[in-house]
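The following explanation leads the reader through one structure, beginning with a single helix pair and ending with the chain as a whole.

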Amino acid sequence: MVLAIGSQLADLGDEDGPDEGDIDQLPHDLTQLQIPEPAHNPGWRFYEVSKRLLPDIICSSSMTSVQVCLLQGLYLPSTGRRDAGYNLLGLALRMSINMGLHKLIRSSSLRAHVCELRNRLWWSVYIAERLYSIDMGRPLSINDTEITAPYPVHMPEWGEEGAKAVYVDGTVAMAKLCRVLGKIIEPVYCDSNSFRSVTIRPGVLQKLRHELEQWRSSVPASVTFDETCPTRPSAHLFMTYEQANILLTRPCLHMAAIMRQANRTFGNEASALLGRRPSAV
């Protein structure tokens, strides 16, 4: 699966592609142009090999099994198989919960580096599954109150210093943002009562907005978004933060439209929430 995902970022060339001279031979009538079939995903053959091993992997509870399901779940959406990717990410989450990765290990029998690997694997699965569930409009798979696993920490003995430490900071910041996203999704989108009434509770939205602002102010400088020199972790954080703002303010926009049609005044708290421009991470 590592090779399958890596093939998406590698330049494997186009052996069967047209030559540059073929451009001059294009027909004048573009309706006669023969469109070639899209190239097969180059990483698919690696995925096919790993898929054959999936039945044995599912039957065993190990960190390797969780990693395989996680990688397959991350790879499949790029091939258009969104539902299969969602199922595998959910499977990775269920296997992680079954192994107790979401809980704090109080036993001293495990070495520090093993505990850290467990924590990093859990939060990687949690982030991927939470973001994809929200993207697919699915219910949250785990209540965050059940999670007691600590966030990843820097491991200097692993050579995580300088630039490499950015990935740990980015993982922790994204995990905390995903928890805020869960707080937005549950009361605003998952509460059945909110769909039976047009009443909006600006106080709840203001509290959630305050949590978003607190998260933004706590983002480490190493992953703070800089338009002049953006990095992949900081850009991903910035886009997810903006998505959280959209999810939070969407009910207010809907309510504002209803109020305008009814010639009613929108609440001051909700108006202030809509009028405040989100700040960059």
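In this predicted model, helices α5 and α6 cross each other in a left-handed sense. Helix α5 spans residues 82-98 and helix α6 spans residues 112-136. Their axes approach to within 9 Å, with a crossing angle of roughly 140°. Because angles over 145 degrees would count as roughly antiparallel, that value makes α5 oblique to α6.

The contact between the two helices can be followed residue by residue. On the α5 side, the participants are Arg82, Asp83, Gly85, Tyr86, Leu89, Gly90, Ala92, Leu93, Ser96 and Ile97. They meet a set in α6 that consists of Trp122, Val125, Tyr126, Ala128, Glu129, Tyr132, Ser133, Asp135 and Met136. By residue class, the contact of α5 with α6 comprises eleven nonpolar, four polar and four charged residues. Among the charged participants are Arg82 and Asp83 in α5, while Glu129 and Asp135 in α6 also belong to that class.

The view may now widen to the complete chain. The protein chain contains eleven helices and zero strands, and its pattern along the sequence is accordingly written α-α-α-α-α-α-α-α-α-α-α. Of the contacts between residues at least 6 apart in sequence, 74% join residues at least 24 apart.

Burial and surface complete the description. The protein chain has 281 residues, of which 37% are buried. Its accessible surface comes to about 17300 Å², and carbon and sulfur atoms account for 54% of that area.

Notes
Residues are numbered from 1 along each chain as its sequence is written. This is a predicted model: local features need pLDDT of at least 70, side-chain atom pairs count only at pLDDT 80 or more; totals for chains, interfaces and linings use all residues. Side-chain values use heavy atoms; hydrogens and water are left out. Axes are lines fitted to C-alpha atoms, for helices over the stretch in contact, and angles run from 0 to 180 degrees between N-to-C directions. Helices (H or I, at least four residues) and strands (E, at least two) are DSSP runs, numbered from the N terminus. Angles under 35 degrees count as roughly parallel, over 145 as roughly antiparallel, 65 to 115 as roughly perpendicular and the rest as oblique. A crossing is left-handed if the near helix is turned anticlockwise from the far one by less than a right angle, and right-handed if clockwise. Contact means heavy atoms within 4.5 Å. Buried means under 20% relative accessible area, exposed over 50%, partly exposed in between (1.4 Å probe, protein chains only). Accessible areas come from the Shrake-Rupley method with a 1.4 Å probe; for residues, only the protein chains shown count as cover.
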